[in-house]
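Student: I'd like to practise reading backbone and side-chain features in a structure. Could we go through one together?
Tutor: Gladly; let's put it up and begin with the loops.

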Amino acid sequence: MLRILWIDKFGRVYLPEDIRETYHLYKETYLALHEGAENSLVLRSYKPVCTVCGSDKDVSIYNNTPFCGKCLRKLDVMPPLEKIKDE
């Protein structure tokens with residue numbers, strides 16, 4: 001199915017409601033964008049896991065790297081700037 005999407009003046013791409021519902025893409029869902037073959041882009045849902053222990057609970061992004069709260073406390077770093085909600 002071919003869908004034509006656009007990028008607005010703020011750099012956002014609108015995904016139609018039927019696509020969001022089909023693929024269970026809700027508010028604050030993280031997506032990963034990959035370069036595909038032949039000058040294409042691939043968009044996939046993304047559920048980050050802790051880089052240290054592999055946990056997917058209480059994961060936050062710190063310096064563009066996912067960590068769980070337990071490992072962040074062990075590393076004794078500043079609080080994360082971006083919180084990922086558990087589903």
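Student: Where does Asp58 lie?
Tutor: This is a predicted model. In it, Asp58 sits in the loop between β2 and β3 (59-62).

Student: What is phi of Asp58 near?
Tutor: The general idea comes first: most residues other than glycine have a negative phi. Asp58 departs from that pattern, with a positive phi near 55°. As for its surroundings, Asp58 is partly exposed, at a relative accessible area of 32%.

Student: Where does Asn39 lie, then?
Tutor: Look at the loop between β1 (31-35) and β2 (41-45), which holds Asn39. Phi of Asn39 is also positive, near 60°.

Student: Is Asn39 buried or exposed?
Tutor: The cut-off for "exposed" is over 50% relative accessible area. Asn39 has 82%, so it counts as exposed.

Student: In which sense do β1 and β2 pair?
Tutor: They run antiparallel, and five bridges join them. To follow one of these on screen, start at Ala32 and go to its bridge partner in β2, Arg44. The hairpin has five residues between its strands, and among them Glu38 takes a positive phi near 55°.

Student: Let's turn to side chains. How many salt bridges does a search of the whole structure find?
Tutor: The search finds three. The idea is to look for a side-chain nitrogen of Lys or Arg within 4 Å of a carboxyl oxygen of Asp or Glu. One of the three joins Asp18 and Arg3, at 3.1 Å from N to O. This pair links distant parts of the chain, 15 residues apart: Asp18 belongs to helix α1 (residues 17-22), while Arg3 is in the segment before α1.

Student: Are Asp18 and Arg3 buried or exposed?
Tutor: Neither label fits: Asp18 is partly exposed at 40% relative accessibility, and Arg3 is partly exposed at 31%.

Student: Which residue does the side chain of Arg12 meet in a salt bridge?
Tutor: Its partner is Asp8, with an N to O distance of 2.9 Å. Asp8 is partly exposed, at 24% relative accessibility.

Student: And with which residue does Asp56 form a salt bridge?
Tutor: With Lys57, where the closest N and O atoms are 3.9 Å apart. That pair satisfies the cut-off because the distance has to be within 4 Å. Asp56 is partly exposed, with a relative accessible area of 31%, whereas Lys57 is exposed, at 55%.

Technical notes. Residues numbered from 1 in each chain as written. Predicted model: local features only at pLDDT ≥ 70, side-chain atom pairs only at ≥ 80, totals over all residues. Heavy atoms only, no water. Helix = DSSP H or I, 4+ residues; strand = E, 2+ residues; numbered from the N terminus. Buried < 20%, exposed > 50% of the residue type's maximum accessible area, 1.4 Å probe, protein only. Pairing = 2+ DSSP bridges.
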